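Here are a few exercises to work through with the model open beside you. Try each task before reading its solution.

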Amino acid sequence: MSTNLAKLDLKDLPRVTEQSVLDEFFDGLRQANKDDLQHQLYVTSLYQFCCRILEAHKKGKIDNSRLPAGSPMYFYCIACGLQSDTQPEGYTCRPKRSCDACLKMDDWLRDAVALASHLGLVPPVQESKGPPELADI
Ligand SMILES: [Zn+2]
């Protein structure tokens, strides 16, 4: 999958605070290169990534440290912030750090993270560490 962020018309980026602003912005991007299926898939993939960040903010995170002993542990995608894994309290497997949807994006994830950041969309902050870094994905 190639990266195409430079090909998008990214003038006048809105500051996305709600779904309707996001929808309108991406409708504009979809109008360009309408017959280019690859472009449409790319734009849709970026759109769905931004939707996941908005959803993650709505859902919030479970603070594992506040759960009673014996509770399962919840882990969140470092790219979009949605839940990526659940493990029993004494887990021995390494929890998944990215959700399946973000993993499937492959090279496009880098573009999606950059675009979302330009739109003011960042995933909810992890409890114990700072903002995600691409190298962690
Ligand atoms: Zn994700």
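**Exercise 1. The chain as a whole**

What percentage of the 137 residues in the protein chain is buried?

Solution. Start with the ground rules. This is a predicted model, in which local features need pLDDT of at least 70 and side-chain atom pairs count only at pLDDT 80 or more, while totals for chains, interfaces and linings use all residues. Residues are numbered from 1 along each chain as its sequence is written.

Next, apply the burial cut-offs: a residue is buried if 20 or more other C-beta atoms lie within 10 Å of its own, exposed if 12 or fewer, and partly exposed in between, with C-beta atoms placed from the backbone. Buried residues come to 25% of the 137.

Then trace the elements, where helices (H or I, at least four residues) and strands (E, at least two) are DSSP runs numbered from the N terminus. The chain has four helices and two strands, in the order α-α-β-β-α-α.

**Exercise 2. Helix α1 against helix α2**

Work out how α1 and α2 are oriented and which residues join them.

Solution. First take the geometry, using axes fitted to C-alpha atoms over the stretch in contact and angles from 0 to 180 degrees between N-to-C directions. Helix α1 (residues 19-31) packs on helix α2 (residues 37-59) at about 170°, and the axes are 10 Å apart. α1 is therefore roughly antiparallel to α2, a label for angles over 145 degrees.

Now list the contacts, meaning C-beta atoms, placed from the backbone, within 7 Å. From α1 come Gln-19, Leu-22, Phe-26, Leu-29 and Arg-30; from α2 come Gln-40, Val-43, Tyr-47, Cys-50, Cys-51 and Leu-54.

**Exercise 3. A closer look at α1**

Check the span of α1, then describe Gly-28 and Asn-33.

Solution. The expected span is 1.5 Å times one less than the number of residues. For the 13 residues of α1 this gives 18 Å, and the end C-alpha atoms are 18 Å apart, so the two agree.

Gly-28 lies in α1 and is partly exposed, because 14 other C-beta atoms are within 10 Å. Its C-alpha is 9.1 Å from that of Asp-9, 19 residues away in sequence. Just after α1, Asn-33 has a positive phi of about 50°.

Notes. Parallel < 35°, antiparallel > 145°, perpendicular 65-115°, else oblique. Contact = placed C-beta atoms within 7 Å.
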